Amino acid sequence: MENNGKITQEERYMARCIQLAKQGKCGTSPNPMVGAVIVCDGKIIGEGYHRKCGESHAEVNAINSVKDKSKLKQSTIYVSLEPCSHYGKTPPCADLIIQKGIPKVVIGCMDPFAKVAGRGIKKLQDAGIEVTVGVLEQECCELNKQFITFHSQNRPYVILKWAESADGFIDLTRTGGHPVILSSPLTNMLVHKKRAEIDAVIVGTRTALLDNPVLNVRNWYGRNPLRVVIDRTLKIPEDFHLLNNKISTWVITEKEHQDNSQTKYKIMQFTDELLPQILAELHKNNVQSVLVEGGSVLLQSFINKDLWDEAFIEKTTIKLNSGVKAPFISGNDYSIKTHFSTPIWHYFNENDASILL
């Protein structure tokens, strides 16, 4: 991939594909983020990315951006993810590439989606097109780690988030009282950024009762995630924000209750397998990513079940001396691991909050 520390031309163009793809971060789910670049005689003549689910794919936008379409027959198209080969909301991109006579395709990584999964590559090759796969492969997989986890592990990608005091507490008391504000205005804004980038956010009963959270996107631009609250015996008052019927919401419970237009009551068995049940139901409903915002018991349950992929832990300078202990992840290495299949820990203080941008 790298030659004596130098980046190859193929890697440069693929890096541009990744850069373009990230612009669709808040709009493509449940589709993957994809970027495409078309090169002729060493010059980029077309670019595109998938902007929003249901709209044109990256390859289509890149081809449409080329002014002189006759150059396509002498061009190479670089794309961060294998071109689709099936009819979904849009026609197959592999067919379009073949139709336009583009002779070479360079792909970052294969698509794990069962309806593609190598079929796009085979269709291109069967049409006589030269195909190269695996340029910046790890970076391209990292780009769509949520999509890949969803399709390869049959569950949403799970992100844990909490703020803890310098002495390892997340709240002052286990019963009553008011929640302690540990996050700064900057990190609070970045939580809203995270919400805009994921499909669902989950909290437990105690967090809902103590904080009366809205769980929407206010301090960032983007759509509101599905709100999921675990409320076994329906303790949450109906005048609380989570039950305001303004945002799509699931209440995980064991008690029957009438659904509303935006609020659905999901009856589940509160056993040791509750979290797998919830993730399976989310997967069935095409929810690819989940942000778990609390409380401590719920977060620790995801950790103990090994049902998590990333953890964003904000360490503050405030000391509480007692209260609700923060969740615990075994081991002392809080470095950021780079491969999406390994849980990623982002351990930071207020001055390091920029790593979330």
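## Helix H1 and its buried side

A residue counts as buried when its relative accessible area is under 20%. Keep that in mind for helix H1 in this predicted model: its buried residues are Glu11, Tyr13, Met14, Cys17, Ile18, Leu20 and Ala21.

H1 covers residues 9-21, which makes 13 residues. At 1.5 Å a residue, a helix like that should span 18 Å, and the end C-alpha atoms of H1 turn out to be 19 Å apart, so the two figures agree.

## The chain as a whole

Stepping back, the protein chain has 357 residues, and 50% of them count as buried. Its secondary structure adds up to ten helices and 17 strands.

What about contacts along the chain? Take those between residues at least 6 apart in sequence: 69% of them join residues at least 24 apart. As for the outside, the accessible surface of the chain is about 17,100 Å², with 49% of that belonging to carbon and sulfur atoms.

## Rings and charges

Back to H1 for a moment. The count of aromatic pairs comes to one. Tyr13 and Tyr78 make up that pair, and it's a tilted one, with 5.0 Å from centre to centre and 50 degrees between the planes. The pair links distant parts of the chain, since Tyr13 sits in helix H1 and Tyr78 in strand E5 (residues 76-81), 65 residues apart. Both Tyr13 and Tyr78 are buried.

Some rings have a charge for company instead. The charged end of Lys266 sits over the ring of Trp250, 4.4 Å from its centre. Likewise, the charged end of Lys325 sits over the ring of Phe169, this time 4.8 Å from the centre.

## Cysteines without bonds

How many disulfides does a search of the whole structure find? Zero. Cys17, another H1 residue, is in no disulfide, and the nearest cysteine sulfur, in Cys140, is 7.4 Å away. Cys17 counts as buried because its relative accessibility is 0%.

Why does Cys141 have no bond to Cys109? The sulfur of Cys109 is the closest cysteine sulfur to that of Cys141, but at 4.1 Å it is too far for a bond, because a disulfide needs the two sulfur atoms within 2.5 Å. Cys141 also counts as buried, at 15% relative accessibility.

## A look around Leu299

Leu299 belongs to helix H10, which runs over residues 296-304. With a relative accessible area of 1%, Leu299 is buried.

Which residues does Leu299 touch, leaving aside its neighbours within four places in sequence? They are Leu160, Lys161, Trp162, Val292, Gly294 and Pro327. Gly204, 95 residues from Leu299 in sequence, is 9.1 Å from it in space, C-alpha to C-alpha.

Note on methods: Residues are numbered from 1 along each chain as its sequence is written. This is a predicted model: local features need pLDDT of at least 70, side-chain atom pairs count only at pLDDT 80 or more; totals for chains, interfaces and linings use all residues. Side-chain values use heavy atoms; hydrogens and water are left out. Helices (H or I, at least four residues) and strands (E, at least two) are DSSP runs, numbered from the N terminus. Buried means under 20% relative accessible area, exposed over 50%, partly exposed in between (1.4 Å probe, protein chains only). Contact means heavy atoms within 4.5 Å. Accessible areas come from the Shrake-Rupley method with a 1.4 Å probe; for residues, only the protein chains shown count as cover. The expected span of a helix is 1.5 Å times one less than its number of residues. Rings of Phe, Tyr and Trp (its six-membered ring) pair if their centres lie within 6.5 Å; planes under 30 degrees apart count as stacked, over 60 as edge-to-face and the rest as tilted. A charge sits over a ring if NZ of Lys or CZ of Arg is within 6 Å of the ring centre and within 35 degrees of the ring normal.
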